[in-house]
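Here is a set of exercises to work through with the model open beside you. Try each task before you read its solution.

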Protein chains: 2
Amino acid sequence: MNLKELAAKLQLSPTTVSRALNGYPEVNEATRERVVAAARKHNYRANTRAIRLATGRAQAVGHVLSGNLQAEIMNPIFADFIAGAGEAYSRVDYDMLLSVVPIEGEEAAYRELKAKGNVDGVMVQGVLHNDPRIPLLMDIGLPFVAHGRATGTAVDYSWVDVNNRRAFLRATEFLLDLGHRRIALVNGLEEMNFAQRRRSGYVDALAARGVDLDPGLMRSGKMTEDSGFQAAQVLLAADNPPTAFLAASMLSGMGIRRAIEGSGRVMGRDISVIIFDDDLSYLRNGSEVPIFTATRSSVREAGRIAAEMLLKIIGDPDGPPQHRLLEAELIIGLSTGPGPSPVTPPTSSQGQTP
Amino acid sequence: MNLKELAAKLQLSPTTVSRALNGYPEVNEATRERVVAAARKHNYRANTRAIRLATGRAQAVGHVLSGNLQAEIMNPIFADFIAGAGEAYSRVDYDMLLSVVPIEGEEAAYRELKAKGNVDGVMVQGVLHNDPRIPLLMDIGLPFVAHGRATGTAVDYSWVDVNNRRAFLRATEFLLDLGHRRIALVNGLEEMNFAQRRRSGYVDALAARGVDLDPGLMRSGKMTEDSGFQAAQVLLAADNPPTAFLAASMLSGMGIRRAIEGSGRVMGRDISVIIFDDDLSYLRNGSEVPIFTATRSSVREAGRIAAEMLLKIIGDPDGPPQHRLLEAELIIGLSTGPGPSPVTPPTSSQGQTP
DNA sequence: TCCTTTGGTCAAAGCGCCTTGAAATTTCGC
DNA sequence: GCGAAATTTCAAGGCGCTTTGACCAAAGGA
């Protein structure tokens with residue numbers, strides 16, 4: 001059933017039917033009702049392909065996942081972010097296009113998306129330190145929103161990000177307040193922008209309290225259970241082991257916990273752990289009381305927000321870039337306790353800008 | 001740059017240019033080269049929207065994720081499956097459409113996809129016991145492939161599945177061979193088809209050896225770390241606790257391990273654990289030697305296979321339904337060891353049909 | 001040499017919708 | 001009751017591509 005057939009059935013011109021269905025004012029209300037009823041009755045839905053050609057809009061947004069196809073490409077954070085964004089697209093009847101390509105094909109993928117007109121805009125996930133996608137997209141003129149801020153890029157672009165620096169600054173301060181002095185940082189890969197910001201929050205908090213930075217306490221790697229376990233195991237076995245850990249993710253935290261317990265210590269009593277909790281659907285931080293003390297920010301919510309931002313930008317491509325900095329909340333769980341140093345009076349975090 | 005402009009530049013008709021680019025035989029080879037060179041030079045790519053309208057094909061495949069938007073919707077298994085499928089689509093230049101909708105909107109989502117012509121086919125993930133999507137899709141005539149077999153449905157449809165029954169049958173036999181008699185099953189939600197098949201493998205293996213089934217040893221729930229932990233904690237605290245666990249996923253297994261270690265026991269020595277390992281990118285079962293003994297089958301690979309199947313079906317919609325049953329391999333890790341009973345001579349698994 | 005093939009190219013008609021500009025009809029003011 | 005304005009409807013021309021059928025030229029067969 002297409003427009004013409006429906007119009008014929010109604011004894012109306014396709015034009016009128018189209019206008020009636022699309023809510024144009026210049027159509028008699030009685031006619032509109034007749035048309036809407038008939039459309040519903042015959043289960044008529046305008047053909048998307050035709051609409052897209054006629055309007056010149058794709059009504060679709062692209063998410064390009066690139067990486068080593070043999071290994072990791074879809075991490076749980078991407079997945080939840082995508083789920084959040086997908087909700088937002090669905091609400092306005094936009095399609096979400098997922099492109100899975102090898103890293104070498106990434107640039108070509110964006111260019112094709114643009115040249116072939118498959119999408120009106122794209123979402124950039126997992127922003128790197130000096131992400132080449134930002135200049136690329138500006139260059140080819142494809143509207144985009146990035147999840148994360150790329151340092152090193154002078155240009156202004158639209159992003160949604162968590163205040164990673166402040167989150168880890170507060171977490172570090174919290175541990176310092178508890179009397180911890182040897183705090184290990186089990187970070188994500190340092191080429192990821194967020195990992196650098198988290199490290200800077202950690203470093204700055206230590207510096208502000210005059211606690212010496214021990215580079216040996218800083219690890220960086222993929223945010224998997226196993227890599228958290230490995231890092232913690234090594235650190236705990238060393239002389240003068242840390243009394244607290246700052247972990248980049250729920251999975252790392254679980255690995256760290258395993259290492260702690262494997263070494264005969266008890267998490268929360270002997271060793272404190274704070275994780276960054278992305279509030280992932282399938283990696284909940286406990287059911288009622290949080291297992292881990294954590295800086296929490298829902299990545300799914302970030303996806304929703306970023307998607308809405310992107311839709312707005314697509315609607316008004318010449319508007320100024322949009323920014324949204326989300327704050328993570330510090331939630332207290334069972335994984336932290338007093339450290340060995342005399343407990344200093346808690347200082348409120350100074351709300352320094354990141 | 002569109003076809004007409006390119007044709008004008010080449011002093012050729014749009015027809016010839018189109019045929020040259022699309023590999024039709026009736027065009028002079030010299031002309032074709034000239035056209036291809038010009039297309040490359042001007043970075044011409046045929047507009048997808050126009051192609052889709054002209055050919056009547058969507059060149060796209062849909063994946064509908066439905067669920068409770070407030071809670072879980074994108075689990076790690078879906079994510080990896082999608083990544084695998086996405087690779088296959090990319091290779092043939094098909095778009096992958098991800099629709100994230102509330103459970104109530106699921107049926108409407110499929111109907112719209114069909115009526116609006118957004119996709120040529122859909123993938124059905126997470127097949128339920130008596131999945132309503134199967135008859136729905138057959139009814140509206142949208143080609144599909146399901147990841148999993150729905151029982152209770154008489155109709156024949158295309159699917160890709162793992163031999164879940166055999167996997168758990170073998171795993172159970174393996175534990176029995178090791179001398180375990182009290183084996184707990186920490187299963188996925190029983191409304192999921194695969195969970196039922198796994199249980200049947202477990203039940204049948206016990207029955208074949210004349211080991212009494214203790215319903216108290218069978219748990220079912222979401223496949224999260226926490227739910228695995230909860231289940232194992234309760235079971236281990238009971239009188240006559242199990243000496244071995246069969247877990248539905250890596251995450252459940254991690255939770256079980258935590259409960260085991262939390263109770264002062266050692267996994268692999270005091271208590272054995274076998275998991276079903278979906279070989280997820282971000283939940284690797286150890287780096288070199290597997291941490292868990294496991295029945296392993298890559299869900300990402302399943303995604304690839306299912307996508308290829310779907311593409312084939314789209315290409316030949318009137319062909320017979322396709323089926324593909326994948327076997328999981330049983331890999332030995334560090335989480336299993338001898339049980340309390342006298343060890344029976346290992347019997348090879350009989351290769352019974354599922 | 002003339003006629004038939006074959007090869008190479010093209011004009012034009014869709015695909016199903018939106019949108020502009022004009023036409024037909026109704027309504028309203030006086 | 002008439003002309004002008006407002007309302008309602010419509011015809012036609014795209015959007016950018018594919019595809020059918022026709023055309024023209026060169027090659028081959030008689």
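**Exercise 1. The chain as a whole**

How many helices and strands make up the secondary structure of chain A? Then describe the box of its C-alpha atoms, its burial and its contacts.

Solution. Before counting, note that this is a predicted model, in which local features need pLDDT of at least 70 and side-chain atom pairs count only at pLDDT 80 or more, while totals for chains, interfaces and linings use all residues. Residues are numbered from 1 along each chain as its sequence is written, and chains are lettered from A and ligands numbered from 1 in the order in which they are written.

- Step 1: Chain A has 12 helices and 12 strands, where helices (H or I, at least four residues) and strands (E, at least two) are DSSP runs numbered from the N terminus.
- Step 2: Along the principal axes, the C-alpha atoms of chain A fill a box of roughly 85 × 40 × 40 Å.
- Step 3: Chain A has 354 residues, and 51% of them count as buried. A residue is buried if 20 or more other C-beta atoms lie within 10 Å of its own, exposed if 12 or fewer, and partly exposed in between, with C-beta atoms placed from the backbone.
- Step 4: Take the contacts in chain A between residues at least 6 apart in sequence: 70% of these join residues at least 24 apart. Two residues are in contact if their C-beta atoms, placed from the backbone, lie within 7 Å.

**Exercise 2. A pair of helices**

Describe how α8 and α9 of chain A cross, and find the residues that meet.

Solution. Two packed helices are described by the angle between their axes and the distance between the axes.

- Step 1: Helix α8 (residues 164–177) and helix α9 (residues 193–208) of chain A have axes that come within 7 Å and cross at roughly 35 degrees. Axes are lines fitted to C-alpha atoms, for helices over the stretch in contact, and angles run from 0 to 180 degrees between N-to-C directions.
- Step 2: The crossing of α8(A) with α9(A) is right-handed; that is, the near helix is turned clockwise from the far one by less than a right angle, whereas anticlockwise would be left-handed.
- Step 3: Residues of α8(A) in the contact include A:F168, A:T172 and A:L176, and those of α9(A) include A:F194, A:Y202 and A:L206.
- Step 4: By class, the contact of α8(A) with α9(A) holds eight nonpolar, four polar and six charged residues. Ala, Val, Leu, Ile, Met, Phe, Trp, Tyr, Cys and Pro count as nonpolar, Asp, Glu, Lys and Arg as charged, and the others, Gly among them, as polar.

**Exercise 3. Two copies**

What turn lays chain B on chain A? Go on to describe the side of chain B that touches chain A.

Solution.

- Step 1: A turn of 180 degrees with a shift of 0.0 Å along the axis lays chain B on chain A with an RMSD of 0.0 Å. The superposition is by least squares on the C-alpha atoms of residues with pLDDT of at least 70 in both copies.
- Step 2: The two copies are therefore related as by a two-fold rotation axis.
- Step 3: B:L97 is the residue of chain B that comes closest to the rotation axis, at 2.4 Å (C-alpha).
- Step 4: In the contact, 49 residues of chain B meet 48 residues of chain A. Among the elements of chain B that each supply at least two residues are α5 (76–91), β2 (95–102) and α6 (106–115).
- Step 5: α5(B) gives the most to this side, with eight residues. The side of chain B that touches chain A divides into 23 nonpolar, 13 polar and 13 charged residues.

**Exercise 4. Single residues**

Is A:R219 buried or exposed? Ask the same of A:D93 and B:Q59, and look at their phi values.

Solution.

- Step 1: A:R219 lies in strand β7 (residues 218–220) of chain A. A:R219 is buried because it has 20 C-beta neighbours inside 10 Å.
- Step 2: Leaving out residues up to four places away in sequence, A:R219 touches A:L185, A:V186, A:N187 and A:A231.
- Step 3: Most residues other than glycine have a negative phi. A:D93, in the loop between α5 and β2 of chain A, has a positive phi near 65 degrees. A:D93 is exposed, because 10 other C-beta atoms lie within 10 Å.
- Step 4: B:Q59, in the loop between α4 and β1 (60–67) of chain B, also is not a glycine and has a positive phi of about 50 degrees. With 18 other C-beta atoms within 10 Å, B:Q59 is partly exposed.
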